[in-house]
Amino acid sequence: MCEHTDRARNPAPATCLDVSFAQPENQGRIISNRRSSIYCEECGTYWRVWPDLHIAKYYITSTCQRTSLTSCLNGFPYRRSVLRDIDTIIDAVSQMYPAAEVTQWQYVWPGDDDGLWWFSLPGDAVNSIQIESYSGMCPFLVETDDPCCENARTATTVEEATLLITEHFARLTP
């Protein structure tokens, strides 16, 4: 079940995703990880599915998440629910830097830690900033290779995490 809210954040009908329509991610390759993927037609959320383990988890990235959060007026009637702090941070950063790219760590097995996100400007993955939280909720460990800043800082609020990311981007743009 992919749960949703409408644009006003009121509960909306959930979508029952049919795992039989999930596409294998490693077609033609013999590997032990039999992960598949499926998209929700109502909100654009990308789901990773391990059918033989009966596990499905959503994946947060700018191409999927921005579609379901910021651009829901342009194609999807609903947003994914329940939103976590990372969703709010991605939304706030994309409001200030619409071209910003966000990538979540894609783990192999469903038990692996997936609480790592990289924020970067288009074409500049070298100067990315990463935030980490096993739950997607505050606090976040924020790390960058920027020589003018501390390597690792802790953001205890959504606003603080958003500020650290946008300040990093501001130093990179003329």
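Two strands pair if DSSP finds at least two bridges between them. That rule underlies the strand pairings reported here for a predicted model.

**Overview**

The chain has three helices and twelve strands. Of its 174 residues, 45% count as buried. Take the contacts between residues at least 6 apart in sequence: 44% of them join residues at least 24 apart. The accessible surface comes to about 9,400 Å². Carbon and sulfur atoms own 55% of that surface.

**Sheets**

One open sheet has four strands, in the order β3-β4-β5-β6. Its pairing is antiparallel. The edges are β3 (23-24) and β6 (55-59), and each of these pairs on one side only. Inside the sheet, β4 (residues 36-39) and β5 (residues 46-50) are joined by four bridges. I38 has W47 of β5 as its bridge partner.

Another open sheet has three strands, ordered β2-β1-β7. Here too the pairing is antiparallel. β2 (11-15) and β7 (79-80) are the edge strands, each pairing on one side only. β1 (residues 2-5) meets β2 over three bridges. C2 stands opposite T15 in β2. The loop between β1 and β2 contains R9.

Further along, β8 (residues 101-104) pairs with β9 (residues 116-120). The two run antiparallel and share four bridges. T103 has W118 as its bridge partner in β9. T103 also sits on the uncovered face of β8, together with E101. V102 and Q104 make up the covered face.

The table collects three of the antiparallel strand pairs and their bridges.

| Strand pair | Bridges | Facing residues |
|---|---|---|
| β1 and β2 | three bridges | C2 and T15 |
| β4 and β5 | four bridges | I38 and W47 |
| β8 and β9 | four bridges | T103 and W118 |

**Helices α2 and α3**

Helix α2 (residues 85-96) has twelve residues. From first C-alpha to last it reaches 17 Å, close to the 16 Å expected at 1.5 Å a residue. Its buried residues are D85, I86, D87, I89, I90, D91, V93 and S94.

Helix α3 (158-172) has 15 residues. Its reach is 22 Å, close to the expected 21 Å. V158, A161, T162, L164, I165, T166, H168 and F169 are buried in α3. What covers these buried residues? The cover includes α2, β9, β10, β11 and β12 (152-155).

**Cores**

In soluble globular proteins, nonpolar side chains tend to be buried together. The largest nonpolar core in this model has 20 residues. I89, F119, I131, I165 and F169 have the most contacts inside it. Elements giving two or more residues to this core are α2, β9, β10 (129-132), β11 (140-144) and α3. Its largest share, five residues, comes from α3.

Which residues does I165 touch, leaving aside neighbours within four places in sequence? They are I89, V93, F119, I129 and I131. I89 and V93 are both among the buried residues of α2.

Apart from the largest core lies another, of eight residues. C2, A22, C40 and W47 are among its members. Two of these names appear in the sheets above: C2 stands opposite T15, and W47 is the bridge partner of I38.

**Salt bridge**

How many salt bridges does the structure hold? It holds one. R80 forms it with D87. The closest N and O atoms are 2.5 Å apart. Side chains of opposite charge can pair when their charged atoms come close. Are R80 and D87 buried or exposed? Both are buried. D87 belongs to α2, while R80 falls within the edge strand β7 (79-80).

**Backbone exceptions**

Most residues other than glycine have a negative phi, and most peptide bonds are trans. Two places in this model depart from those habits. R9 has a positive phi of about 65°, although it is not a glycine. The peptide bond between C138 and P139 is cis, with omega about 5°. P139 lies in the loop between β10 and β11. Both of those strands give two or more residues to the largest core.

Key:
Residues numbered from 1 in each chain as written. Predicted model: local features only at pLDDT ≥ 70, side-chain atom pairs only at ≥ 80, totals over all residues. Heavy atoms only, no water. Expected span 1.5 Å × (residues − 1). Buried < 20%, exposed > 50% of the residue type's maximum accessible area, 1.4 Å probe, protein only. Salt bridge = Lys/Arg side-chain N within 4 Å of Asp/Glu carboxyl O. Core = buried A, V, L, I, M, F, W, Y, C linked by side-chain atoms within 4.5 Å. Contact = heavy atoms within 4.5 Å. Areas by Shrake-Rupley, 256 points an atom, 1.4 Å probe, with all protein chains shown as cover.
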